[in-house]
Structure formats: structure tokens, C-alpha cells
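I'm opening a fresh notebook page for this one. Here are my entries, in the order I looked things up.

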Amino acid sequence: MSNADRHGVIAQAVRESGRVTVQELAELTGASEMTIRRDLDALAAQGVLERVRGGARTLLLRGEEPPFALRAREGVETKRRIAAEIASLVADGETVLLDSGTTCLEVAHLLRRRPVTVMPLSLQAIHVFGEGSNPARLMVPGGRPRAAEGALTGPLTLASLAALRFDTAVMGCCGLSAVEGMTAYDLDDAAVKKAAIASARRVLVAADGSKLGHTAYAHVGPATLAHTLVTDGTAPADEVAALERAGVVVKAV
């Protein structure tokens with residue numbers, strides 16, 4: 001098991017159990033207890049978990065958004081498949097608005113190699129497009145980055161969105177339900193998502209199966225704001241069927 005894979009397993013175990021011991025993690029991963037202690041120190045430094053005597057515990061409260069550093073380690077291959085499908089739906093020459101979040105960051109890595117105009121809504125994605133020379137044309141919005149997330153929010157971000165029109169908005173979400181609609185964990189982030197969707201002719205939503213049927217704190221809008229949803233095979237069948245009945249095109253990868 002690679003360091004990255006082991007860190008992902010540890011982060012998920014802490015998140016699901018709330019608290020785990022070094023011995024339990026060693027048995028789970030097959031690594032030595034000394035290695036696990038080093039892993040826990042590294043993950044604690046990144047804000048993924050809290051180091052406690054003999055193990056680690058989660059930093060999350062119920063209903064709280066998992067930190068970016070933790071989400072970036074989870075379901076990487078699934079996110080890459082979703083990103084590849086999203087990128088295939090974007091034509092060369094399009095103007096694209098790219099939402100924040102870990103799946104949209106994977107989309108950024110693909111679109112940077114394409115002759116498209118992109119305005120990312122996160123510092124991480126802006127950095128991806130700014131690396132080296134590539135055919136994509138980068139547009140940078142104003143705004144204030146959310147701590148640890150890098151997602152741009154606030155009046156300057158909303159003003160940037162209001163001033164422009166895009167062919168496609170590639171959106172992430174914290175929850176998507178045919179009944180409750182699209183939701184986010186943060187009110188400011190929800191406001192940016194609403195403005196982003198309003199500025200685009202077409203909306204592609206990238207969301208793994210765990211987001212479907214889930215509802216977060218801040219309402220963005222009805223599920224029908226999405227023209228196409230790209231998800232994976234773990235998406236609940238009943239939720240997929242309900243979204244399709246509502247008129248959303250669902251692609252599972």
C-alpha cells in the first residue's frame with residue numbers, strides 16, 4: 001500500500017469511527033505502528049484529524065463539511081473518471097466556469113490541455129491553469145478565498161459572475177436530491193453557486209454517488225438546474241431514477 005493510499009484509508013477510518021487507535025490502524029493497513037504514528041502526525045499537520053494519545057480522532061462535527069485535504073484523498077480514481085466524462089462533454093472553444101471542490105480540480109487538470117476559456121472559482125484550480133504553458137485561456141475572478149478550502153466567495157466573486165456569460169458551468173455540490181435540490185455546506189458558497197448557474201447556458205454537475213440523496217445546510221436551487229449529472233456506479237438507483245424523471249440527464253461512469 002502506497003503512502004497516499006494508506007493516508008486515505010486512515011483518514012476514512014478516523015472519519016467513520018470518530019476515534020481510532022494506532023494498533024487498530026496498523027491492523028487495518030498492515031503497516032507498523034511506528035509508520036502509523038508518522039502518518040498520523042503528517043495528517044494532523046494537514047488538518048485532516050486530531051492527534052491524541054494512542055491514536056487520533058476526527059475534527060468534524062455532525063453535518064460539517066470535511067476539510068479539503070481529507071476530501072482530496074478520498075475516491076481519487078472515481079473523481080478522475082467523473083472528470084474525464086465531464087471534460088468529454090466540453091467542446092473546444094467553449095467558455096467554461098469551473099466550480100471549486102476536489103472533483104472540479106480533477107476537471108481542471110484535463111481542461112488546461114484544451115483550447116477553452118476557463119474561469120475557475122478556487123485558488124487550487126487557478127494554480128493548475130497557471131502552471132507552465134498550455135492552450136487553455138485563464139480568466140481570474142475577484143473574491144475572498146474560504147480558509148483551507150480556497151473557494152472564492154464574496155461580493156467581488158458575485159460581481160465577476162454577473163458581468164460574464166459562459167457556455168458551460170461545471171459545478172460540484174455537497175448534496176443533490178430530486179426532492180431537496182442542490183445544497184452546499186456554506187451560505188457564501190451557495191450564493192456563488194447560484195450566481196454561477198445563472199451565468200451559464202448549460203450546467204454540468206460532477207458528483208460522486210455519496211452526494212446523491214444527501215442534503216447539506218445551504219440551499220442552492222432545484223435539481224433541475226442541472227442539465228447533466230455525471231456520477232458513479234455507487235449512486236442510489238432510486239435517486240438516479242427520480243432525477244431522470246425530473247428531466248436531468250444522468251451519466252454513471
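**Entry 1: a bridge within one helix**

I began with R37, which is partly exposed at a relative accessible area of 38%. For my labels, buried is under 20% relative accessible area, exposed is over 50%, and partly exposed is in between (1.4 Å probe, protein chains only). Before going on, I noted that this is a predicted model, where local features need pLDDT of at least 70 and side-chain atom pairs count only at pLDDT 80 or more, while totals for chains, interfaces and linings use all residues. I also noted that residues are numbered from 1 along each chain as its sequence is written, and that side-chain values use heavy atoms, with hydrogens and water left out.

What does R37 form a salt bridge with? The partner is E33, with the closest N and O atoms 3.5 Å apart. I count a salt bridge when a side-chain nitrogen of Lys or Arg is within 4 Å of a carboxyl oxygen of Asp or Glu. E33 is partly exposed too, at 35%. The two sit 4 residues apart in helix α3 (residues 33-45), so about one helical turn separates them. That fits the rule I keep in mind: an α-helix has 3.6 residues a turn, so residues three or four places apart point the same way. My helices (H or I, at least four residues) and strands (E, at least two) are DSSP runs, numbered from the N terminus.

**Entry 2: bridges across the chain**

How many salt bridges does the structure hold? I got 11. One of them pairs R80 with E106, closest N and O atoms 3.5 Å apart. R80 is in helix α5 and E106 in helix α6 (residues 102-111), so this pair ties together parts that are 26 residues apart in sequence. R80 is partly exposed at 43%, whereas E106 is buried at 18%.

Next I looked at E94 and R202, whose closest N and O atoms are 3.3 Å apart. This salt bridge links distant parts of the chain: E94 is in the loop between α5 and β4 (95-98), R202 is in strand β12 (residues 200-206), and their positions lie 108 residues apart in the count. E94 is buried at 10%, and R202 is buried at 19%. I also found that shared partners join E77, R80 and E106 into one network of salt bridges.

**Entry 3: helix α5**

Which residues of α5 are buried? I listed T78, K79, I82, A83, I86 and A87. Seen down the helix axis, they fall within an arc of 170° (taken from the directions from the axis to the C-beta atoms), so they line one face of α5. On the other side, E77 and S88 are exposed.

**Entry 4: the sheet**

I traced an open sheet of 7 strands in the order β6-β5-β4-β9-β12-β14-β15, with parallel pairing. Its edge strands are β6 (137-138) and β15 (249-252), each pairing on one side only. Two strands pair if DSSP finds at least two bridges between them; β14 (residues 228-231) and β15 have 4, in the parallel sense. L229 stands opposite V250 in β15.

**Entry 5: cysteines**

I searched the whole structure for disulfides (cysteine sulfur atoms within 2.5 Å) and found 0. Why does C104 have no such bond? Its closest cysteine sulfur, in C173, is 9.2 Å away, too far for a bond. C104 is buried at 2%.
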